[in-house]
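Work through the exercises below with the sequence and the model open. Each task is followed by a worked solution.

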There are 2 protein chains.
Amino acid sequence: MAGITSADVARESGVSRTTVSYVLTGRDGVNISEETRRRVRETATRLGYAPSAAARALRTGRSDLVLCILPDWPVGPVIETLLDELADELSGRGLSVLVHHGRGARPLSDLWRAVTPRAVIGFAPFAEDDLLAMRQAGIQVLGTLGEDRQPDPDLPSESQLRIGALQAECLTVRATRLGYAWPADARLAVFARDRLRGVQRICAELDRPEPVVLPVGLDVESAAEAVRAWRGLGITGIAAYNDDVALAVLAGMRAEGLSCPDDCAVVGVDDVPAARLAAPALTTVSQSIEVQARYLAALVLADLDGAAEKPGHPGHGLHLVERDSA
Amino acid sequence: MAGITSADVARESGVSRTTVSYVLTGRDGVNISEETRRRVRETATRLGYAPSAAARALRTGRSDLVLCILPDWPVGPVIETLLDELADELSGRGLSVLVHHGRGARPLSDLWRAVTPRAVIGFAPFAEDDLLAMRQAGIQVLGTLGEDRQPDPDLPSESQLRIGALQAECLTVRATRLGYAWPADARLAVFARDRLRGVQRICAELDRPEPVVLPVGLDVESAAEAVRAWRGLGITGIAAYNDDVALAVLAGMRAEGLSCPDDCAVVGVDDVPAARLAAPALTTVSQSIEVQARYLAALVLADLDGAAEKPGHPGHGLHLVERDSA
DNA sequence: CTGAAAGCGCTTACAG
DNA sequence: CTGAAAGCGCTTACAG
């Protein structure tokens with residue numbers, strides 16, 4: 001039992017709970033003597049008083065939390081960094097970021113009610129009724145990239161598309177026929193689909209043949225098999241779903257005695273630490289996390305402040321990191 | 001405003017709020033006709049009623065949340081998987097896992113009050129007063145590996161020690177003098193220290209010279225510099241802080257024209273996907289996440305059930321994954 | 001400038 | 001078998 005309530009602070013400092021509340025929540029409108037304010041604050045810290053968030057949430061209908069809903073698989077260092085930066089950005093305004101892994105696997109509905117967050121940021125689309133309920137409860141709902149409209153599941157994400165396009169633009173400089181290394185983990189298919197479409201779009205624009213899609217697991221065997229197949233088709237450029245998959249392709253080529261980029265070029269996505277350390281160093285598409293995090297934070301804060309106009313979208317912040325593999 | 005309260009459900013189904021509460025929280029002690037139960041439940045779902053977690057938390061002083069406090073840097077795939085498994089394990093009992101990144105950087109005190117969690121799991125030591133306050137509030141506080149005692153910051157973590165020891169045991173088979181590849185990121189020093197101590201302990205036991213500690217950043221340059229220095233000292237086995245650092249060492253050796261494991265063996269930690277894809281495939285120490293997650297979940301649930309005895313510790317679940325680099 | 005009082009939505013003894 | 005009522009701790013019109 002922590003047990004220190006605002007009533008304790010009031011009694012101890014000889015004022016009413018009203019005054020305690022006014023002093024502690026910092027309402028400037030009310031005139032309270034500087035002396036009283038000082039005394040209340042002093043008592044509060046002396047008693048170790050911290051307001052009950054549950055009571056406050058019940059009363060005001062809102063907490064100081066921002067809830068991030070992640071998919072139910074390990075999201076990798078990029079998202080992790082994003083979360084971290086977002087938390088930093090928001091903590092200055094008294095907002096805490098809470099992350100829930102496992103969207104999809106576990107029911108979401110209870111969670112946002114349990115937290116009554118100020119905003120919810122989804123890293124994968126929400127179910128229609130979840131979305132509606134959150135909106136009705138007055139919660140700000142944001143998509144990954146600050147897309148305020150709920151992304152239509154059938155509509156490709158513009159930034160995923162851009163990722164694939166950047167990969168293809170890089171590869172088509174030297175390669176005519178492209179391969180696409182599809183991730184083995186089925187849960188990644190949503191993103192893979194859109195990235196692949198980006199590759200396809202560029203191929204179509206340049207009148208190149210369709211990219212040949214092959215699944216690549218995170219082991220040498222699986223990758224070597226794909227590499228052999230691509231090789232047989234005369235393919236000399238591979239766009240991989242992400243760096244992990246790209247690293248597998250590199251290992252597969254090595255196992256097959258092929259040299260990169262001479263025999264075949266490879267481009268990844270994410271720029272994980274291992275990318276620059278690979279042999280050859282991996283060319284990859286990187287997202288500038290800071291920009292993204294700052295934009296997300298700005299959106300949340302704009303809503304918090306009841307700002308009329310939203311901050312402008314900073315663009316996708318994607319760029320190619322050219323190294324040796326392509 | 002969602003606005004559907006238990007009162008609405010009560011009115012709509014012609015019973016009192018008491019009855020609604022009894023039916024929905026599933027108290028078996030009270031005798032309520034099956035017919036009434038059915039009607040209440042039906043009305044609740046029809047109206048889309050979900051109890052206010054804030055009110056429930058205020059009333060009972062407890063929510064159905066388990067709060068995990070992570071350090072303020074990207075924790076890597078191992079912890080991510082652990083979190084995910086833990087969430088799965090706990091969701092069966094109606095508990096949701098919420099993760100907070102950024103321990104240290106941002107104030108913790110407000111957070112656990114805002115969430116009133118059932119349990120808090122810390123992946124880095126808590127401040128003494130935070131710990132005290134949480135215990136006082138009746139919150140179960142657990143360490144990373146289910147260590148129920150608050151780890152003494154000056155006392156090495158037994159499992160970190162074991163990690164280093166496993167690395168050293170593997171390397172000392174062939175190498176006499178060892179090097180330790182220390183992570184460039186200062187925030188990792190807490191763990192690096194204990195892993196290094198594990199290496200030192202084995203070296204001492206075998207009457208080998210002290211390992212030579214050198215910082216290694218996640219780039220070829222930095223690693224190559226360290227490799228040259230170790231080389232000059234006649235060192236032929238390197239224990240790396242984790243797989244990322246080990247990959248850097250491998251890249252550094254490659255840059256220096258050295259061959260692994262012939263010129264020098266390397267052992268990492270974590271078994272990230274890139275480890276098995278490296279050239280040569282990286283020998284590494286792996287933690288069995290499932291065991292760890294299940295144990296953590298069991299601890300939380302035992303407390304929830306008011307069990308007298310705690311589940312037995314499953315051991316550290318560490319093992320060496322032998323591949324080609326050592 | 002400060003206090004008494006209502007009410008957020010729930011759970012739970014307690015009385016019928 | 002079911003309901004009226006208290007109370008969790010807070011905020012905030014409202015009245016002095």
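**Exercise 1.** How many residues does the contact take from chain B, and how many from chain A? Then break down the chain B side.

Solution. The model is predicted.
- Step 1: chain B contributes 53 residues to the contact and chain A contributes 53 residues.
- Step 2: at least two residues each on the side of chain B that touches chain A come from α4, α5 (77-91), β2 (96-103), α6 (109-115), α7 (128-136), α11 (243-255) and α12 (273-277) of chain B.
- Step 3: α5(B) has the largest share of that side, with 8 residues.
- Step 4: by class, the side of chain B that touches chain A holds 29 nonpolar, 12 polar and 12 charged residues.

**Exercise 2.** Classify the packing of helix α10 (residues 220-232) of chain A against helix α11 (residues 243-255) of chain A.

Solution.
- Step 1: the two helices pack at an angle of about 70°, and their axes are 7 Å apart.
- Step 2: angles of 65 to 115 degrees count as roughly perpendicular, so α10(A) is roughly perpendicular to α11(A).
- Step 3: α10(A) makes the contact through residues including Val220(A), Ala223(A) and Val227(A), while those of α11(A) include Ala248(A), Gly252(A) and Met253(A).
- Step 4: the contact of α10(A) with α11(A) consists of 10 nonpolar residues, 1 polar and no charged.

**Exercise 3.** Describe the surface near DNA strand C.

Solution.
- Step 1: DNA strand C is surrounded by 27 residues, the closest being Ser16(A), Asn31(A), Thr5(B), Ser6(B) and Ala55(B).
- Step 2: two or more residues each come from α2 (17-25) and α4 (53-60) of chain A, and from α1 (6-13), α2 (17-25) and α4 (53-60) of chain B.
- Step 3: the residues of this surface are 9 nonpolar, 13 polar and 5 charged.

Conventions: Residues are numbered from 1 along each chain as its sequence is written. Chains are lettered from A and ligands numbered from 1 in the order in which they are written. This is a predicted model: local features need pLDDT of at least 70, side-chain atom pairs count only at pLDDT 80 or more; totals for chains, interfaces and linings use all residues. A residue is near a molecule or strand if its C-beta atom, placed from the backbone, lies within 6 Å of it. Helices (H or I, at least four residues) and strands (E, at least two) are DSSP runs, numbered from the N terminus. Ala, Val, Leu, Ile, Met, Phe, Trp, Tyr, Cys and Pro count as nonpolar, Asp, Glu, Lys and Arg as charged, and the others, Gly among them, as polar. Axes are lines fitted to C-alpha atoms, for helices over the stretch in contact, and angles run from 0 to 180 degrees between N-to-C directions. Angles under 35 degrees count as roughly parallel, over 145 as roughly antiparallel, 65 to 115 as roughly perpendicular and the rest as oblique. Two residues are in contact if their C-beta atoms, placed from the backbone, lie within 7 Å.
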